[in-house]
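Got your viewer open? Here is a walk through the model, one selection at a time.

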Amino acid sequence: MFVITGATGNVGRHVVAELLDAGHKVRALSRDPATAALPDGTEVARTADLPLEGATGVLLNPAAFWNGVDELLDRARQAGVRRIVVLSSSAVLAGEGNPIGDHHLAVERQVEATGLEWTHLRPGAFAANALGWADQIRGNGVVRGPHARAHTVPIDERDIAAVAARALTGDDLVGTRPELSGPESLTFADQARIIGEAIGRPVTYEELSPEAARAAMTYAPEPVVDALLTFWAEAVDRPQPVSSEVERITGRPARTFAEWAADHVRDFA
């Protein structure tokens, strides 16, 4: 039995599917089980209840526990959980002072202190971040945002999920911190163009000033917005490192952004 926190998120629901397809029992935690819409065979429970009894391993998504993971880790020890896989972030490598990295690094350290088996997955930018552009693309095909020439290496959420399932069910990743990325460094303008190619009509990226971008980024707290804008400014015209960990761990190449876009045409068309 594996417990998946953040089970209805971009990564979590794919981890659920990976484990079910492999014949494992899955308990998926959701803030609202009634609307989880997870595959048949999934046991769905409330995140607030933290039902960990009978679980062998837990996928811990820190995004679901911004108020802390103390209770979850205490429950895990009491329930006899053997392994915790943290859906962390490559932002932990940026050093202290980055709120995204600081939050994930604190969780990593707390998990290590439990004495349980652990793996920390450190993906970079998610390809699914581009779903935030969907309304603009459906509207007039123009994405407005900061730093058109900023590079990221977007990773398909299914690749993260495949590595997470491997970390939960196998022993070869115990005690490791794999840094995960897609197979190519792309600018935001590149990503917009590739989405346009997938949906069959032009999509362009119109650069906003940092001030205008900050005003539009109402989806995140101010310190997180600051950290993102700083990272993107530093990544302008600077291709980012590409990791081969997805292929090493899963035995197949990481999916390209073009493949991701082709699979999400209905989100943008």
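## Stop one: a small residue on the inside

Start by selecting Ala76, which lies in helix α2 (residues 70-79). Keep in mind as you go that this is a predicted model.

Is Ala76 buried or exposed? Ala76 is buried, with a relative accessible area of 0%. To see what surrounds it, ignore the neighbours within four places in sequence and look for contacts: Ala76 touches Leu52, Val81, Ile84 and Leu116. Now pick out Leu52 from that list. Leu52 and Ala76 are 24 residues apart along the chain, yet their C-alpha atoms are separated by 6.3 Å.

## Stop two: the strand in the middle of things

Next, select β5 (83-87). Five of the five residues of this strand are buried, so β5 is largely enclosed by the rest of the structure. Turn the strand around and check each face: Arg83, Val85 and Leu87 sit on one side, Ile84 and Val86 on the other, and all of them are buried.

Add β4 (57-60) to the selection. β4 and β5 pair in the parallel sense, over four bridges. For one spot on that seam, find Val58, whose bridge partner in β5 is Ile84. Follow the chain here: it leaves β4, passes through α2 and arrives at β5, and this β-α-β crossover is right-handed.

Then bring in β6 (117-123). β5 and β6 run parallel too, joined by five bridges. Together β5, α3 and β6 make a right-handed β-α-β unit.

## Stop three: helix α3

That unit's helix deserves its own look, so select α3 (residues 99-113). How far apart should the ends of its 15 residues be, at 1.5 Å a residue? The expected span is 21 Å, and the end C-alpha atoms are 21 Å apart, which agrees.

Colour the buried residues of α3: Ile100, Gly101, His103, His104, Leu105, Val107, Glu108 and Val111. A reminder helps when reading the spacing in that list: an α-helix has 3.6 residues a turn, so residues three or four places apart point the same way. What do the buried residues of α3 pack against? Show β4, α2, β5, β6 and α8 (222-234), and you have the answer.

Now zoom in on the two ends. At the N-terminal end, Asn98 acts as a cap, with a side-chain oxygen 2.9 Å from the backbone nitrogen of Ile100. After α3 comes Gly115, whose phi is positive, near 85°.

## Stop four: charges that tie things together

The whole structure holds 21 salt bridges. Go back to Arg83 for a pair of them. Arg83 stands opposite Glu117 in β6, and the two form a salt bridge whose closest N and O atoms are 2.8 Å apart. Since Arg83 lies in strand β5 and Glu117 in strand β6, the pair ties together parts that are 34 residues apart in sequence.

Arg83 also forms a salt bridge with Asp171, and here the closest N and O atoms are 2.6 Å apart. Asp171 is in the loop between α5 (157-169) and β9 (179-180), so its pairing with Arg83 links parts 88 residues apart in sequence.

Switch on a surface and compare the partners. Arg83 is buried, at 1% relative accessible area. Glu117 counts as partly exposed at 26%, while Asp171 is exposed at 57%. Select Arg82 as well, and you have the whole network of salt bridges linking Arg82, Arg83, Glu117 and Asp171.

For a salt bridge elsewhere, pick Arg149 and Asp237, whose closest N and O atoms are 2.8 Å apart. Arg149 sits in the loop between β7 (142-146) and β8 (151-152), and Asp237 in the loop between α8 and α9 (245-250), so this pair also ties together parts that are 88 residues apart in sequence. Arg149 is partly exposed at 44% relative accessibility, and Asp237 is partly exposed too, at 48%.

## Last stop: the whole sheet

Finally, zoom out and show the strands. Seven of them form an open sheet with parallel pairing, in the order β3-β2-β1-β4-β5-β6-β9. β3 (43-46) and β9 stand at the edges, each with a single partner strand, so one side of each has no neighbour in the sheet. At the β9 edge, two bridges join β6 to β9. Select Arg122 to end the tour: it stands opposite Glu179 in β9.

Methods
Residues numbered from 1 in each chain as written. Predicted model: local features only at pLDDT ≥ 70, side-chain atom pairs only at ≥ 80, totals over all residues. Heavy atoms only, no water. Buried < 20%, exposed > 50% of the residue type's maximum accessible area, 1.4 Å probe, protein only. Contact = heavy atoms within 4.5 Å. Expected span 1.5 Å × (residues − 1). Polar contact = N/O pair within 3.5 Å; in protein donor to acceptor, adjacent residues only side chain to side chain. Pairing = 2+ DSSP bridges. Right-handed = clockwise from strand over helix to strand, strands pointing away. Salt bridge = Lys/Arg side-chain N within 4 Å of Asp/Glu carboxyl O.
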